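Trainee: I'd like to learn how to read a two-chain model without getting lost. Could you walk me through one?

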Amino acid sequence: MNEIADILASAGLWSAVLRIATPLIFGTLGALLCERAGVLNLGIEGIMTFGAMVGWLAVYNGADLWTGVLVAALCGGAFGALHAGLTVTLGLSQHVSGLGVTLFSASFSYYIFRLLVPVSGTPPTVEPFQPIAIPGLSDLPFVGPALFTQTTPTYLAIVLVIVLGYLVFKTPMGLAIRMTGENPHAAEAQGVNPIVIRYGCVIFGSALMAIGGSFLTLSAFNSFFPTMVQGRGWICIALVVFAMWRPSRALLGALLFAFFDAFQFRLQTVLSGVVPYQVFLMIPYILSIAALAFMARRARVPQALMQPFRRGER
Amino acid sequence: MRFERREQRSTLMVFAPPLLAVGVSLMLSGVLIALAGAPILEAFGALLNGAFGSRLAITETLTRTAPLILTGLAAATAFRAKLWNIGAEGQLYLGAIVVAAVSSQVLGGLPGYVQIPLLLVAGSVAGMVLLLVPLWMRLRFSVDEVVTTLLLNFVAILFVSMLIDTVLKDPLAFGWPQSVPVADEAMLPRIVSRSRLHVGLLIGILLALVIYFIQSRTVFGIQSRAAGFNASAAKFAGVPLKKTLVLVAMISGGAAGLAGAIEVMGVQGYVTTELSPSFGYSGIVVAMLANLNPIGVIFSALFIAAMFVGADGMSRAMGIPTYIADVTVALSLLSMLVAVFFTQYRVRK
């Protein structure tokens with residue numbers, strides 16, 4: 001038990017929680033925005049992979065870190081436009097289109113990576129974002145090193161939660177987005193163009209997913225390798241349900257999830273030899289499934305989620 | 001510009017979309033091959049040669065087709081009833097490891113004609129169980145099965161990884177993480193000598209025919225289609241929704257589990273975590289290219305297998321990353337979706 005207390009009392013754990021949560025926050029907010037407008041975006045897993053690859057590749061080729069993030073965002077937006085084209089304009093099955101976008105963007109990023117970066121024993125690296133200590137706050141005992149010495153994208157993720165929460169619930173634009181997700185025909189009667197709203201949300205949301213992916217290669221690690229996203233995208237889709245489609249709860253969900261992930265990682269070293277390490281690695285996925293079972297009945301799903309909108313057709 | 005639903009669809013429109021999709025995806029990947037700086041025609045020549053150019057190439061492509069037919073059927077049967085089983089990859093692995101466990105620990109010395117059928121059943125049941133869990137969660141807690149089946153893929157592969165690291169570890173594999181081998185008697189007979197092609201291919205084709213018959217000629221087949229088409233209307237018409245979905249899940253998960261079983265018993269003889277080069281996910285593309293038709297699945301599985309085997313050959317010859325196959329397969333899925341759309345709708349100004 002002492003070991004567990006030691007783990008919980010280490011600032012390293014809490015610092016890792018924020019680090020692990022960051023890509024999940026970006027991804028969950030992106031998926032949440034799409035779903036608020038009525039579009040399920042299962043392209044997330046592949047879009048995060050592409051963002052991780054292309055952001056890293058840009059920096060590897062001499063761009064500065066923020067340009068890398070921007071490139072990732074633009075590419076994510078492009079895949080979002082593809083998904084919107086399939087699901088909004090053509091009104092195709094959002095499940096299958098999303099999976100298609102994931103298969104395409106993931107395999108495409110592996111292809112480009114293999115093509116442009118030759119195989120080598122040691123993976124090539126870039127100089128990633130460095131932690132920035134917030135003056136004053138970072139000097140606080142325990143809390144300082146745990147919470148206030150993160151990289152800039154992590155701070156950005158927290159700010160984004162507040163901005164998106166405000167946008168969705170306090171602005172006319174947010175109202176239009178929510179109406180489109182609940183009843184696009186009613187929204188149209190109010191002078192909102194559901195097609196424009198859905199396109200905008202899917203493109204912007206996909207850009208956020210790609211930024212989340214780029215965090216993996218430009219901040220959490222410093223190199224790219226295939227399958228590095230490891231189901232984080234699917235976990236984000238589960239977190240959206242857990243968050244009941246609210247940005248603030250998305251932050252809570254991502255932090256909770258990241259806490260268990262960071263905790264299991266440290267527990268592995270304590271219990272190595274007693275419990276196979278695979279058991280610990282399963283925990284995040286099983287937790288997500290459990291969270292879904294726990295929340296699904298209570299959550300109020302946007303009513304027009306997964307329903308295509310065609311003018312004059314109901 | 002707007003889209004208007006077509007009243008009638010000619011027979012041409014049934015066969016055109018998959019051919020169009022394959023053509024468009026090959027054209028787009030031609031662009032990517034050109035980007036890699038390779039001559040396009042030669043590259044496609046190398047692809048074709050790699051997939052069908054020799055006796056070995058043909059048997060390898062057909063060996064790869066077998067599990068893809070089964071995972072394709074897994075997706076096709078489930079999607080038809082709007083049961084979104086994206087978990088074929090995990091179901092395949094669970095089927096595989098159960099076969100290895102049962103053969104090595106329980107059925108050991110039994111003769112092949114007893115052991116093989118029992119193992120095939122065991123593998124299928126394992127796949128079924130792994131799909132029945134998310135289905136139960138959907139029916140009990142209304143949890144969307146897309147995410148749960150996706151997440152269970154990771155759990156299943158980690159579970160397999162754990163077993164081949166511990167209780168099912170092969171002590172003779174020099175510390176390499178692989179499972180104990182299945183008994184020699186459990187290996188599936190070869191169809192063609194001096195090749196890896198095994199009867200798993202025939203099992204896949206037979207199952208496709210059986211499922212086709214079930215879907216077109218039985219009450220359950222109609223009910224599963226109705227459940228997918230309009231669940232509330234089906235319920236109103238007296239379709240037992242839960243029972244139908246459970247049966248669909250058993251067929252779907254069973255087919256995916258069977259894919260794992262035949263890969264172990266036909267090709268490898270043991271389980272590693274690299275058993276499946278994403279057969280489960282490719283099965284979704286197989287099903288969509290076939291427009292969810294079980295007979296069509298046989299042909300689309302052949303196409304996808306040829307892409308993967310051919311791309312290996314092309315990659316060796318031209319230095320193009322093998323991932324070109326995955327890109328082409330994904331593009332064929334997206335093209336297929338669009339092509340099918342235009343068989344259902346026409347564009348009006």
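Mentor: We'll go through the chains, then a helix pair, then the contact between chains, then one helix of chain B.

Mentor: First, the ground rules. This is a predicted model, where local features need pLDDT of at least 70, side-chain atom pairs count only at pLDDT 80 or more, and totals for chains, interfaces and linings use all residues. Residues are numbered from 1 along each chain as its sequence is written, while chains are lettered from A and ligands numbered from 1 in the order in which they are written.

Trainee: How many helices and strands are there in chain A?

Mentor: Helices (H or I, at least four residues) and strands (E, at least two) are DSSP runs, numbered from the N terminus. On that count chain A has 13 helices and two strands. Its radius of gyration is 20 Å, close to the 20 Å of the globule rule for 314 residues, so chain A is as compact as a globular protein of that length. That radius is taken over C-alpha atoms, and the rule is 2.2 Å times the number of residues to the power 0.38.

Trainee: And chain B?

Mentor: Chain B also comes to 13 helices and two strands. Its radius of gyration is 21 Å, close to the 20 Å that the rule gives for 349 residues, so chain B too is as compact as a globular protein of that length. Along the principal axes, its C-alpha atoms fill a box of roughly 70 × 60 × 30 Å.

Trainee: How do I read a packed helix pair?

Mentor: Two packed helices are described by the angle between their axes and the distance between the axes. Here, axes are lines fitted to C-alpha atoms, for helices over the stretch in contact, with angles from 0 to 180 degrees between N-to-C directions. In chain A, the axes of helix 8 (residues 172-182) and helix 10 (residues 194-220) come within 10 Å and cross at roughly 105°. That makes helix 8 and helix 10 of chain A roughly perpendicular, the label for 65 to 115 degrees (under 35 is roughly parallel, over 145 roughly antiparallel, the rest oblique).

Trainee: Which residues of helix 8 of chain A meet helix 10 of chain A?

Mentor: A:A176, A:I177 and A:T180 do, against A:P194, A:I197, A:R198 and A:C201 in helix 10 of chain A. Contact means that two C-beta atoms, placed from the backbone, lie within 7 Å.

Trainee: How many residues does each chain put into the contact between chains?

Mentor: Chain A gives 35 residues and chain B gives 36. On the chain A side, helix 5 gives the most, with 13 residues.

Trainee: Now helix 1 of chain B. Which of its residues are buried?

Mentor: Buried means 20 or more other C-beta atoms within 10 Å of a residue's own, exposed means 12 or fewer, and partly exposed is in between, with C-beta atoms placed from the backbone. In helix 1 of chain B, the buried residues include B:P17, B:A21, B:V22 and B:L32. Among the elements covering the buried residues of this helix are helix 5 of chain A and helix 12 (294-318) of chain B.

Trainee: And B:M27: what is its exposure?

Mentor: B:M27 is found in helix 1 (residues 12-35) of chain B. It is partly exposed, with 13 other C-beta atoms within 10 Å.

Trainee: What comes after helix 1 of chain B?

Mentor: B:G37 follows, with a positive phi near 85°.
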